[in-house]
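Here's a quick walk through a protein and its nucleic acid partner. Have a look at the sequence and the 3D view before reading on.

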Amino acid sequence: MLDKRFILENAGVVQRNCDIRGVKVDVARFVDLETQRRKLQTEIEELARQANAVSKSIGQAKDAAEREARKDEGRQLREKKDRLQEDVERLGAEATLIHNAMPNLTHPESPIGGEDASAELRRGGPAVKPFSFPVQDHVALAEQHNLIDFEGGARVAGHGFYFLKNEAAQLELALQHYTLDLLIREGFTPVITPDLARGDVLKGVGFIPRGPETQIYSVENHDLNLVATAEITLGGLYAGQVIEAEKLPIKLCGISHCFRTEAGAAGRASRGLYRVHQFTKVEMFAFTLPEQSDDMHNYFRELECEIFEGLGIPYRVLDIATGDLGGPAYRKFDLEAWMPGRGNAGEYGEVTSTSNCTDYQSRRLDIRYKVKGEKGTLLVHTLNGTAVAISRALIAILENYQQADGSILIPEVLRKWMGKDRIGGNSL
RNA sequence: GGUUGGGUGGCCGAGUGGUUUAAGGCACCGGUCUUGAAAACCGGCGUACCGCAAGGUACCGGGGGUUCGAAUCCCUCCCCAACCGCCA
């Protein structure tokens with residue numbers, strides 16, 4: 001959420017920001033409601049002050065008659081206050097609805113426009129080269145080498161679930177290991193988080209746990225939800241905390257399973273592993289000082305590049321356009337990996353995403369920092385970024401490393417955990 | 001799942017209706033002393049909101065109630081810990 005005072009003082013800026021992000025919000029209405037609410041709140045506080053003064057004087061009243069008179073006076077003041085309080089709550093409720101709909105402010109360099117306006121910053125990894133043989137997609141490759149059992153997944157849990165088998169199971173662990181090792185070298189604290197979290201934590205991070213629009217699985221009879229990303233648990237880990245400024249930035253990498261209902265996603269390009277209800281993800285998360293978050297965001301993006309560079313997979317980096325940013329993101333970069341089996345002749349597909357949420361999440365989660373010797377506390381900035389989402393990384397690996405004989409090479413950096421260099425065919 | 005005990009500022013912790021204006025301690029900041037530091041002593045020191053300021057209001061797990069007045073009494077929900085049971 002945005003700072004209310006900032007909105008009041010910069011209504012024009014906020015309205016324009018909502019406009020370029022394609023979010024319909026009546027900022028003027030919010031300002032109107034909030035201004036009225038504050039005026040009434042001041043009156044309430046004055047009544048409370050008077051009532052408190054009356055209460056205090058009762059202890060020193062000299063006789064019963066005076067005491068009764070004062071009691072009556074106090075009662076009337078509080079009743080008046082309660083009536084105003086109802087108005088304040090009514091105004092506040094409407095203002096909150098608008099407030100919650102307001103997205104974060106936007107980085108000045110983010111391209112303005114819809115999804116198509118996202119800017120390609122650069123390409124990396126090996127160049128995309130045409131194959132000299134008919135390309136198979138990951139579903140066919142997995143079938144051929146008995147790597148993924150979609151039918152079994154459907155039988156056990158329904159469409160969108162799967163069993164990873166044989167080298168695919170090994171690859172999941174190898175990818176985790178590879179990524180974790182890299183991030184630990186970079187000073188991240190590795191964390192394995194809960195896969196479930198309370199509703200309040202989801203809301204604080206910006207997810208909607210229940211209701212018709214939700215993408216979240218929830219547990220019946222409990223205030224627990226299956227997490228859609230470790231961003232939820234890592235953000236929640238510090239909710240309500242005050243961090244000493246010198247401990248910032250804090251860099252965490254969390255491993256969790258991720259569960260998504262993908263409601264409304266039917267029909268979108270989602271064959272095989274691309275859009276599934278469960279996958280494993282290594283997630284980067286950082287808490288920083290405000291002046292550190294831009295650099296940290298670029299650093300997250302470069303780490304994502306480094307990870308795919310190491311895997312030897314062609315990728316491109318996008319600076320996401322304003323109309324395609326989620327509510328909490330101030331700026332977002334996506335990495336798209338080349339997936340040769342996707343579409344007619346190969347397409348880029350999103351494999352990672354990193355967002356700088358500035359103080360939008362921390363305001364709601366109440367995560368602050370304190371500078372030694374200075375009074376008061378300030379909000380930290382939060383950032384998240386995918387290190388590796390296993391299911392999508394698997395698509396990219398299987399499809400890019402397929403060979404003419406149908407075998408699949410294993411990326412060099414993963415071989416030490418695989419005990420082999422190739423799936424199917426003859427070893428090198 | 002059962003039983004018991006808990007939830008008070010950054011941390012520990014006192015506090016069963018009105019000098020609590022939340023004691024005291026730790027930590028932290030400033031000062032005295034010192035070549036410097038430590039110790040000792042003196043002073044300061046919760047958070048948010050409104051206000052130019054003086055000052056005010058709210059906050060003792062959440063919500064509701066009783067009362068002129070609630071951290072304190074009542075109702076309700078949540079959470080945590082310990083032990084028991086079950087269990088990888």
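What follows covers the overall layout, the RNA surface and the sheet, in that order.

## Overall layout

First things first: this is a predicted model. Chain A is assigned two domains, with domain 1 spanning 4–101 and domain 2 spanning 115–423. Going by C-alpha atoms, the centres of domain 1 and domain 2 sit 43 Å apart.

## Who lines the RNA?

RNA strand B has 20 residues around it, and the closest of them are Arg-5, Arg-38, Ser-55, Arg-75 and Arg-198. Sort the surface near RNA strand B by class and you get eleven charged, seven polar and two nonpolar residues.

Which helix gives the most to the surface near RNA strand B? That's H3, with eight residues. Helix H3 covers 27–58, and helix H4 (64–101) also supplies at least two residues of that surface.

## Backbone or bases?

Now flip to the RNA side. Of the strand B atoms within 4 Å of the protein, 81% belong to sugar or phosphate, and bases make up the rest.

A few phosphate contacts are worth pulling up in your viewer. The side chain of Arg-75 has an N or O atom 2.3 Å from a phosphate oxygen of RNA strand B. For Thr-377, the side-chain N or O atom is 3.3 Å from a phosphate oxygen of the strand, and for Asn-52 the corresponding distance is 3.5 Å. Arg-75 also turns up among the closest residues to RNA strand B.

## The eight-stranded sheet

Over to the strands. Eight of them form an open sheet with mixed pairing, in the order S1-S10-S11-S12-S15-S9-S8-S4. Why do S1 and S4 each have one side without a neighbour in the sheet? Strand S1 (119–124) and strand S4 (189–192) are at the edges with a single partner strand each, so one side of each stays unpaired in the sheet. From one strand to the next, the twist averages 25°.

Zoom in on S12 (residues 347–356) and S15 (residues 381–389): these strands pair in the antiparallel sense, over three bridges. Ser-355 stands opposite Asn-384 in S15.

## A helix across the strands

Helix H10, residues 293–311, lies across a whole run of strands: S1, S8 (250–259), S9 (278–288), S10 (315–319), S11 (331–339), S12 and S15. Relative to S12, helix H10 runs at about 150°.

Terms used: Residues are numbered from 1 along each chain as its sequence is written. Chains are lettered from A and ligands numbered from 1 in the order in which they are written. This is a predicted model: local features need pLDDT of at least 70, side-chain atom pairs count only at pLDDT 80 or more; totals for chains, interfaces and linings use all residues. Side-chain values use heavy atoms; hydrogens and water are left out. A residue is near a molecule or strand if one of its heavy atoms lies within 4 Å of it. A polar contact is a pair of N or O atoms within 3.5 Å; within protein, one must be able to donate a hydrogen and the other to accept it, and residues adjacent in sequence count only if both atoms are side-chain atoms. Helices (H or I, at least four residues) and strands (E, at least two) are DSSP runs, numbered from the N terminus. Ala, Val, Leu, Ile, Met, Phe, Trp, Tyr, Cys and Pro count as nonpolar, Asp, Glu, Lys and Arg as charged, and the others, Gly among them, as polar. Domain bounds come from an automatic or database domain assignment. Two strands pair if DSSP finds at least two bridges between them. Axes are lines fitted to C-alpha atoms, for helices over the stretch in contact, and angles run from 0 to 180 degrees between N-to-C directions. Contact means heavy atoms within 4.5 Å.
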